[in-house]
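Morning, everyone. One structure today, taken in a few quick stops. Please have the viewer open.

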Amino acid sequence: VALPAGGTTDDLTARLTALGLKPEAIDRAGDAITGPLVLGRVLTAEPEPQKNGKTINWCTVDVGDANGTGEPQEIVCGAHNFAPGDLVAVILPGGVLPGGFAISARKTYGHVSAGMICSARELGIGDDHEGILVLTDRPDADALAPGQDAIPLLGLDRETVEVNVTPDRGYCFSIRGIAREYSHATGAAFTDPALALAAAAPPANETGHPVDLRDDAPIRGRAGWGRYVARVVRAGLLYPHDVP
């Protein structure tokens, strides 16, 4: 649904309250992060085995002018799911991660590590801590630049409104339903995401079953249904390993 330009989250929650949809909380994903959190491009990643059996990567990362010098940032990273050329999220000295984890330049594994290459869990946006967050495969990766502010890029500046929906408002048990209700009350333009799904449906073929849609039959005094959705479900083998 199209929201008014310049509107705030408080404006939205006031409107939802007027609609009888009580906001319970407002979550801000990036509240626990203090920048600079920027986009970086890994230039080098040299593996260095340690006496404790662990192998760390001694990295240089291009963070643009975000570090004040334009020189590559030197960072120790224990993850191994990235390579030179990858785009990553880097928090520089002076930043703070969720949990009050302050970032500073410190000596570790024989190097001075000036910052951290972050995982999704360290940023508070997911549970994945097996490796760092690699952004190279994003559809907009070609338009991204080292040093760019990663907070809006990762959606950490967004706010989520939690709404309490009472049982008699079943049509609002979805984001789509709440958006549609907002549209009805305000006249704001509503774009039904279900129509996009219908448009993406595969074309008819000879193996399917025909569906004849007739919407001219009145139902309770109104026009008939405008859409019928069908899906083919084929039975499969429950225990394929038992088949010779």
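Let me start with a term. A salt bridge here is a side-chain nitrogen of Lys or Arg within 4 Å of a carboxyl oxygen of Asp or Glu. And a caution: this is a predicted model.

So, how many salt bridges does that rule give? The count comes to 4. I'll take three pairs from it, starting with Arg138 and Asp140. Arg138 bridges to Asp140, with the closest N and O atoms 2.9 Å apart. Are these two buried or exposed? Arg138 is partly exposed, at 27% relative accessibility. Asp140 is partly exposed as well, with a relative accessible area of 29%.

Next pair. Glu181 forms a salt bridge with Arg169, and here the closest N and O atoms are 3.4 Å apart. Glu181 sits in helix 4, residues 175-186, while Arg169 is in the loop between strand 11 (159-164) and helix 4, so the pair ties together parts that are 12 residues apart in sequence. Now the burial. Buried means under 20% relative accessible area. Glu181 comes in at 17%, so Glu181 counts as buried. Arg169 has 12%, so Arg169 is buried too.

Third pair. Arg176 bridges to Asp192, with 2.7 Å between the closest N and O atoms. What does this pair tie together? Arg176 is in helix 4 and Asp192 is in the loop between helix 4 and helix 5 (193-199), so parts 16 residues apart in sequence are joined. Burial is split here. Arg176 is partly exposed, with a relative accessible area of 30%. Asp192, at 15% relative accessibility, is buried.

Let's step back to the whole chain. The protein has 5 helices and 11 strands. Of its 244 residues, 30% are buried. The accessible surface is about 16100 Å², and 53% of that belongs to carbon and sulfur atoms. What about contacts across the sequence? Take contacts between residues at least 6 apart in sequence: 57% of these join residues at least 24 apart.

Now the sheet. Strands of a sheet pair through backbone hydrogen bonds, either parallel or antiparallel. Which strands are in this one, and in what order? There are 5 strands in an open sheet, ordered 4-3-2-5-10, and the pairing is antiparallel. Strand 4 (73-77) and strand 10 (116-117) stand at the edges with a single partner strand each, so each has one side without a neighbour in the sheet.

Move inward to strands 2 and 5. Strand 2, residues 37-49, and strand 5, residues 87-91, run antiparallel and are joined by 5 bridges. If you want to find the register in the viewer, go to Leu37: the residue opposite Leu37 is Ile91 in strand 5.

Last stop, Thr60. Thr60 belongs to strand 3, residues 55-62. Buried or exposed? Thr60 has 18% relative accessibility, so Thr60 counts as buried. Which residue does the Thr60 side chain meet in a polar contact? The partner is the side chain of Thr44, at 2.5 Å. Leave out residues up to four places away in sequence, and Thr60 touches Arg41, Val42, Leu43, Thr44, Pro72, Gln73 and Glu74. Thr44 falls within strand 2, which spans residues 37-49. Gln73 and Glu74 fall within strand 4, which spans 73-77. Strand 3 stands between strands 4 and 2 in the sheet order.

That's the tour. Questions, please.

Terms used:
Residues numbered from 1 in each chain as written. Predicted model: local features only at pLDDT ≥ 70, side-chain atom pairs only at ≥ 80, totals over all residues. Heavy atoms only, no water. Helix = DSSP H or I, 4+ residues; strand = E, 2+ residues; numbered from the N terminus. Buried < 20%, exposed > 50% of the residue type's maximum accessible area, 1.4 Å probe, protein only. Polar contact = N/O pair within 3.5 Å; in protein donor to acceptor, adjacent residues only side chain to side chain. Contact = heavy atoms within 4.5 Å. Areas by Shrake-Rupley, 256 points an atom, 1.4 Å probe, with all protein chains shown as cover. Pairing = 2+ DSSP bridges.
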